[in-house]
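Work through these exercises with the model open beside you. Each task is followed by a stepwise solution.

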Amino acid sequence: MRPLTEEETQIVFEKLAKYIGDNIKLLIDRPDGNYCFRLHEDRVYYVSEETMRKATNVARENLISIGTCIGKFTKTRKFRLHITALDFMAPYAKYKIWVKPAGEQSFLYGNHILKSGLGRITENTPQYQGVIVYSMNDLPLGFGATSRSTQDCRRANPTDIICFHQADVGEYLRSEDTLT
């Protein structure tokens, strides 16, 4: 477990900024204490500084994880967000998509969101923007990237893809062995 380098920090923050914008500073300086990002075996963890200090007493080879896994670095040094980051990103999301109940199940099985399944979308959402996907009951379901802007969505056919799937809460069941 070690702090992120400058390059790694920049890569992680750029990825998070696609979804939550400038609200990244709210993740670090929280009212309930300071939080930080730590790297352990190519996985980035979001952990309170208090817990992180206590974890230094455990040897690296004995430490499995600490805090919440936000994502991992691939072999090509790209950062991939995990669904476990959803609970921390959802309250600070700049752009959101709400899915109708009929399209909810399809999204949770790993499919893209079609126009027919779109309930609402945040105004002035640009094309290829990172969005948090919600159910109509404001329950965060996952995240993705828009394939069209808000204005283009209004003119789209019911079978057109509106949001590309990136991660959903169904992954807790489908990929439980790779999340830790």
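**Exercise 1.** How far apart do the end C-alpha atoms of residues 95–170 lie, and what share of the span is helix and what share strand?

*Solution.* The model is a predicted one. Step 1: take the two end C-alpha atoms of residues 95–170; they lie 21 Å apart. Step 2: assign the secondary structure. Helix makes up 18% of the span and strand 41%. Step 3: check the record. The unreviewed UniProt entry annotates residues 95–170 as "domain: PUA".

**Exercise 2.** Locate domain 1 and domain 2, then describe how they meet.

*Solution.* Step 1: read the domain assignment. Domain 1 runs over 2–88 and domain 2 over 95–175. Step 2: place them. Their C-alpha centres are 26 Å apart. Step 3: list the contact residues, with heavy atoms within 4.5 Å as the cut-off. Domain 1 gives eight residues and domain 2 gives 15 residues.

**Exercise 3.** What is the area buried between domain 1 and domain 2, and which three residues of domain 1 supply 72% of its part?

*Solution.* Step 1: the buried area is about 920 Å², with 65% from carbon and sulfur atoms. Step 2: on the domain 1 side, Y19, I83 and L86 supply 72%, more than any other three residues.

**Exercise 4.** Characterise the polar links and the domain 1 face.

*Solution.* Step 1: count salt bridges between the domains; there are zero. Step 2: count residue pairs in polar contact across the interface; there are two, both at pLDDT 80 or more. Step 3: find the elements giving two or more residues to the domain 1 side. These are α1 (6–20) and β6 (79–81). Step 4: sort that side by residue class. Four are nonpolar, two polar and two charged.

Notes
Residues numbered from 1 in each chain as written. Predicted model: local features only at pLDDT ≥ 70, side-chain atom pairs only at ≥ 80, totals over all residues. Heavy atoms only, no water. UniProt positions renumbered as here; feature names shortened; annotations may be inferred. Helix = DSSP H or I, 4+ residues; strand = E, 2+ residues; numbered from the N terminus. Domains from an automatic or database assignment. Buried area = accessible area lost by both parts, 1.4 Å probe. Salt bridge = Lys/Arg side-chain N within 4 Å of Asp/Glu carboxyl O. Polar contact = N/O pair within 3.5 Å; in protein donor to acceptor, adjacent residues only side chain to side chain. Nonpolar A, V, L, I, M, F, W, Y, C, P; charged D, E, K, R; others polar.
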